[in-house]
Every structure is written in structure tokens, then in C-alpha cells.
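Here is a quick tour for someone meeting this structure with fresh eyes. Have a look at the picture first, and then we'll walk through some of its parts.

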Amino acid sequence: MDLLNNILAGQIPIEAYLGVSLIMFFAGVYGFLSRKSMLMILISIELMLNAADINFVVFNRYLFPGHLEGFYFALFTIAIAACETAVAIAIIINIYRNLTSVEVGNLDQMKE
Amino acid sequence: MQYTLLILVLPLLSFIVLGLVDSKWKPKVAGTIGTVVLGIITALSYFAAWEYFSMHRIAGVYEKIIPFNIEWLRFTDYLYINLGILLDPISVMMLVVITTVSFMVNIYSLGYMVNEKGFERYYAFLSLFTFSMLGLVVATNIFQMYIFWELVGVSSYLLIGFYYTKPSAVAAAKKAFIVTRFADLGFLIGILVLSFYTKTFDFGILTSGDTSVFASTVGASFMGISVMSWALGLIFIGGAGKSAMFPLQIWLPDAMEGPTPVSALIHAATMVVAGVFLVARLFPLYIVYSPEVLHGIAYVGAFTSLFAAIIACVQTDIKRVLAFSTISQIGFMMVGLGVSGNGGHEGVGYMASMFHLFTHAMFKALLFLGAGSVIHAVHSNEMSHMGGLRKYMPITNITFLIACLAIAGIPPFSGFFSKDEILSACYEFSPYMGATMTFIAGLTAFYMFRLYFNIFWGKEHKHQHTPHESPFAMALPLVFLAAVTVFAGWIPFGHFVTSDRANYDIHLDFSVATISVLIAVCSITLAIIMYRKESKVPKKLATTFSGLHKAATNRFYIDEVYIFITKKIIFNNISLPLAWFDRHVIDATMNGFAGTTQWVSLKIKGFQSGQVQQYAYVFLLGTLIITVLVLFI
């Protein structure tokens, strides 16, 4: 009830943020492991990255108020994530052209 | 005399060029290049010989000149190997012999080999052989000699096996290589023993007569025999292998599988006298430090000579007759060295041996080239397919006759002079040796004229097409060598090459000469009676002495003895158990390692499924486990 009271009082505690990012992160892990489509896996990865971003921002905000490194780092990660997504999409398109499918289970030719 | 380096470098370059371009050029071009290079180095060798022998003697002897010498490998202060050129009377003489015969063979091959596949390869190998042989004779130290000695073995292997699609040629090439290689093991051990005690490879130091070099060998002995005798005896085994001395002679008759000009070059004139040259090169050591080994060489030479001469009397393949005759004549040279003393009149055996080497190279090359010309005409090596060829091949007939007269020792041909000197040296050594060698000389005359009459006289064989005289390229070397054979006897050889490099005037020993000529004439008469026309005498003799005849035809079963020793004794008792050990112990251990690895890999192969998500899952599990471990333990 303490937590709820705090929220209602407009003071959101750090655990709430961390709870959200935790759920996002494990949703991403679950998606990564269970989805067959590579696009879905890519989205899961984005989810995990965003969870990490939230952590950056939150820790910066609560542990080192007045510092900006965490925010910058989050921005930086977003930029990198955008690039990474572009590359991943390119790879997926190429795989689709070769295999006419984006099922990750079909991608085992390289093991031989 | 720096230009003598060219004599070595040019044939090597010619080998490399011809070997690299192989069949990109027309065969004629390759042949011409090889021949022209040989012509150039022949001219250079003649010039070098002229310059060397026209130099003034210093204190009555020819100087040893080393125009070129580089340090090639240095391991320790004592153990180093040089490469260089040593000119002294015997090496200069060998330069002349090798280049002359090689040049003639090159010209001859232009006619003989022209339609063969691999003409360029043939010329490349000829150049390689000439290079190695020249390197051998001018070696400044015993190790350089050994290197070129092996190169000679390799090029001989390549040339004998020139017709590599023919199984018998391949077998002969292998046999020649393995037998000589086996003998070279003795040579190598001999070199090592000698250089271990003397701390040098250099011929100049070894043969300088400086006894301090051999100080450490004094009193050193192994199994009751002094180390110098061991070393020199082992070195002689190497020489015996290359020079086909008994019992290592088995490879030479088989080596006749190679092209005939190759036989003329390698198995008559140059490579097979390498052993004689080796003994001559180390002669000052043999004579001073182990005369008993030198006498052993004389006995081995005499026995080989007799043995080969008897076999030559019954062979029917003309090239094999010549092969055995070569073995016999090399036996003569070995005997000449073996019975020789050092210096002046004592050293006449040495001089005679070198003289015989020189004349023999010329007339034996002529005989082989003549035989090649005959084979070229009738396409067979068998005597029974020839007969009556004198009408069709006048040039071959006359030159062959000249060579036969020379080898039989009829004056004024060259063989008479050299053989007579060897015989008189033998008589001085011991009358028995002299008598034996005279008898062998008689046998030589007999079998050579048996060969001659069977080819050019006798009953004419029905030929499929009329035999014809050989083309110009083949006739020219025959005529040139015949001219040399006629006149070489008049060379005052003692003026150039003697054991102590001083001047020695040859004077004929008339009693010895008369006896040997008489015996030779008798043998020739016998051959005329038996073989000039068809006659029943040879057959009758063969049945009377059927045991001897059969044994001689089968070369006294020496090959069978070798086969027996190698196959029955060595293979069964040593090789087979070793092979078993290799297969069941060494290989089994290795197979065990491999099998275990394979088994394990099969078991864990499932991990590498190629499924990305499975990898991620395992990774996640691992992370969790590590997290739990870090947090709670």
C-alpha cells in the first residue's frame, strides 16, 4: 500500500520503473526464445534494448540527480538500436530472397 | 681460369630453361639449345685443358688450381662445406671426357630420339646429368663430391626411367637408384669417419701429404682394423656401387632399358667411372694409409672383370653384352689403380687406369652409339634379329669394327696402349694378376667379335623392311668418336696425368704387348671361326658346357640371390614383423585416438544444431546458473 500511496501522491518510487523495465525485458527474452519469425525476434530484441534504456534513465535520475551521463547513454543506445535494426532488416530481406521465408528454424544450413 | 665456372653453370641453366618450358617450344628448338650449350662447354673444357696443361710445372709437377671456392654451409669451426672448382690433371681430363661424350650424345640424340615423346624432357635431363657429373669431377671437397654424386644418381634414375610408361624401364630405374643409393650409404659413413678424425673435407688438405692431419687416426682402430682402412674401405663401397663392382653390379645390365644414347653417356663413359675417379682422387690416401684396401680394390676389380667377361660371352641382347663389357673394363681400371704404387715407374698403374678411362670412354660410347644405330635400323636388341647388316650400314659397320679392335687391344688403336699399360702394371704387381688380366683381355676380344660378327656378318635375318644407314646427326658422332679411338692411343698420356702429377714417359713393354696382342688375335680368330658364318660350333659348345652356359646366361644367378636375400630373408624376418608392429601397435594407437575423438564428437554433435534460438536458450540458462551461483554461494 505504501507504493500505491506514493504513486497517488505523485511520487513514483524507483521500484515501479524497475518493475516495468523488468517485465519488458523478460517479455523480450520470452519473445526471442519462442517466436519463429525473425521480425518478431527483432522486435523482441528492441524490447530488451528499451528495457535497458529505461534502466539507464531511471538509475541516473534516482541515484545521481544532476548528472546527465545516463540520459546521453540512453540516447546513444537508441541511435545504435536504429542502425542495428536497419542492418537486421537488410539481412532479413536477403534471407527472404534466398529462402522465401523468414522462419528462423529454417536457417541451419551454415552448421555443416 | 675463372671461366671454368661457366662449364658448370651453363648446363644447369640449360636444364632449368628446358625443364621449365617443357613442351611449349618445338622439340627441335629444345634439342638445339641443349646441343649448342654442350658445344660451348665442350669448347670451354678443351680450352681449359689446353691452358692448364700448357702451364709451366712447378717443381716438376702440375699445380692444383682452385679458381673458384665459396663457403656454402658452416656448422662449426671444423664442420663446413665449400663449393668450388678444383683443377688438377685428372679433373681436367674428366672435363674433356665428359663434355666430349656428352656433346656427341647430344648430337646423336637429335637423330635418334627425334620422334620420341618428351624430347624436351630428355634434353633437360641430359643437361642435368652433364651438370652433376661435371660438378662431381671438379669438386674441391669430398662433401661437394657426395652432393653431386647423388645428383648424378638422380639424373641417371630419371634417364633410365625415361620411358616411364614401360614397367621394365621403371623397375630398372628403381633398381639402379636403390642399389647405388645403398652403396652410397657406405660412402657417406666413410666420409663421416674420415672427416671425424681429420676434421676436414677438403681434398687439398687430405691429399697434401701432410701427416699431421691424420695424427688422430694413429692407433685408432675398430674391430681390429684401423679407422683409416674402415673409412677408405667404406668410401670404396660407394665407388663400387656407382662403378658396378661385384656384388653391386646388378643394376647396370638392367639400366640398358633407358634410351641407347643415355646408355652411351651414363653407363659407358661417365657415371660408371665415377667410382674409379673417386679412388683416383683419394689415391694418395689409399696408397699411404691403407695399401691393403687398395689391394682389395685390385682383387675386387679383377674378379668383377672376369665375372662380367664370362657373362658377356653368352648374352644375346647386344646392349647387355656392352653393359657387361663395360663392367669388365671398369674392373680393368680398378685393377690398374689397385696395383699401382705412387710416383714414377711405380705409379704406372694409376696413369694406365686413367688412360684406360679416357680411351674406354671414347670407344665404349662409340660402341653404344653404334649399337643404337643398329637398333634404330632393325628395331630390336636381339642378336638373332640382326646379321648381315654390313651391306646396309657401312658407316656403322666400320666405326663399330674400329671400336671392337680398340677394346680388343689391337694396335694401333687406343685400347691397345691403355690396356697394355694396365697389364704391365699387373705383371709387376704379381704374375698371377697379370696372367688373369691377360686372359680377361682375350675374353674381351672374343665376346666383342662375337657381337660384331653376329650383328654385321653371319646369317641374314629376314627384315620386315630393309635396314638403312642412320641419318647424318647419328653418323657424325660415330665418325668423330671413331677418329678419336684411332688416334687417342698416341697421346703421350703420361705427360699429362700421373699419380704424382710429374712427367712420365710411357714406354711399351714389348713382351707384355706381344703376348696380349697374340691372345687377342687368337680370340678374334676363334670368334671369326665360330660366328662369321653360320656354324654349329657355338651350339655344340653350349651343350657340352651346358651348366656353365646356363649359369652365365642367367648371370650366375646373382639377381636371384639378391631377390632371395631381400624377399625371403629381409622381408620375411625383418620387414614383416616391423610392418605388423607398425600396423597393430603404432597405427592402432593413432587410430584409437582418432576413433575416440570421433566418438565423442558424434555424441556432442547435437549441440551444434544451427538453431539460433536453441543457442540463445542455452546461453540464458547458463547466465541464470552463473547468476544464481554468484548471488547465493
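## A hairpin, a helix pair and a small partner chain

Let's start with a hairpin in chain B, keeping in mind that this is a predicted model. Strand β1 (residues 65–74) of chain B lines up with strand β2 (residues 80–87) of chain B in the antiparallel sense, and seven bridges join the two. Between β1(B) and β2(B) sit five residues, and the two strands form a hairpin. To find your way around the pairing, look for Asn69(B), which stands opposite Gly84(B) in β2(B).

Next up are two helices of chain B. How do you describe a pair like that? Two packed helices are described by the angle between their axes and the distance between those axes. For helix α5 (residues 142–160) of chain B and helix α6 (residues 167–198) of chain B, the axes come within 8 Å and cross at roughly 170°. An angle over 145 degrees counts as roughly antiparallel, so α5(B) is roughly antiparallel to α6(B). Residues of α5(B) in this contact include Phe143(B), Tyr146(B), Trp149(B) and Tyr157(B), while α6(B) brings, among them, Ala172(B), Ala176(B), Phe177(B) and Leu188(B). Sorted by class, the contact has 14 nonpolar, three polar and three charged residues.

Further along chain B, Asp559(B) has its place in helix α24 (residues 558–604). Is Asp559(B) buried or exposed? Neither label quite fits: 15 other C-beta atoms lie within 10 Å, so Asp559(B) is partly exposed. Buried would take 20 or more, and exposed 12 or fewer. Asp559(B) and Leu252(B) are 307 residues apart along the chain, yet their C-alpha atoms are separated by 12 Å.

Now for chain A. Its makeup is easy to remember: four helices and zero strands, running α-α-α-α from the N terminus on. A few overall values for this chain are gathered here.

| Feature of chain A | Value |
|---|---|
| Radius of gyration | 18 Å |
| Span of the C-alpha trace along its principal axes | about 55 × 30 × 25 Å |
| Buried share of the 112 residues | 9% |
| Share of contacts (separation of 6 or more) made by residues 24 or more positions apart | 44% |

For comparison, a compact globule of 112 residues would have a radius of gyration near 13 Å, against the 18 Å of chain A.

Finally, where the two chains meet, chain A and chain B each put in nine residues. On the side of chain A that touches chain B, six residues are nonpolar, one is polar and two are charged.

Conventions. Residues are numbered from 1 along each chain as its sequence is written. Chains are lettered from A and ligands numbered from 1 in the order in which they are written. This is a predicted model: local features need pLDDT of at least 70, side-chain atom pairs count only at pLDDT 80 or more; totals for chains, interfaces and linings use all residues. Two residues are in contact if their C-beta atoms, placed from the backbone, lie within 7 Å. Ala, Val, Leu, Ile, Met, Phe, Trp, Tyr, Cys and Pro count as nonpolar, Asp, Glu, Lys and Arg as charged, and the others, Gly among them, as polar. Two strands pair if DSSP finds at least two bridges between them. Axes are lines fitted to C-alpha atoms, for helices over the stretch in contact, and angles run from 0 to 180 degrees between N-to-C directions. Angles under 35 degrees count as roughly parallel, over 145 as roughly antiparallel, 65 to 115 as roughly perpendicular and the rest as oblique. The radius of gyration is taken over C-alpha atoms; the globule rule is 2.2 Å times the number of residues to the power 0.38.
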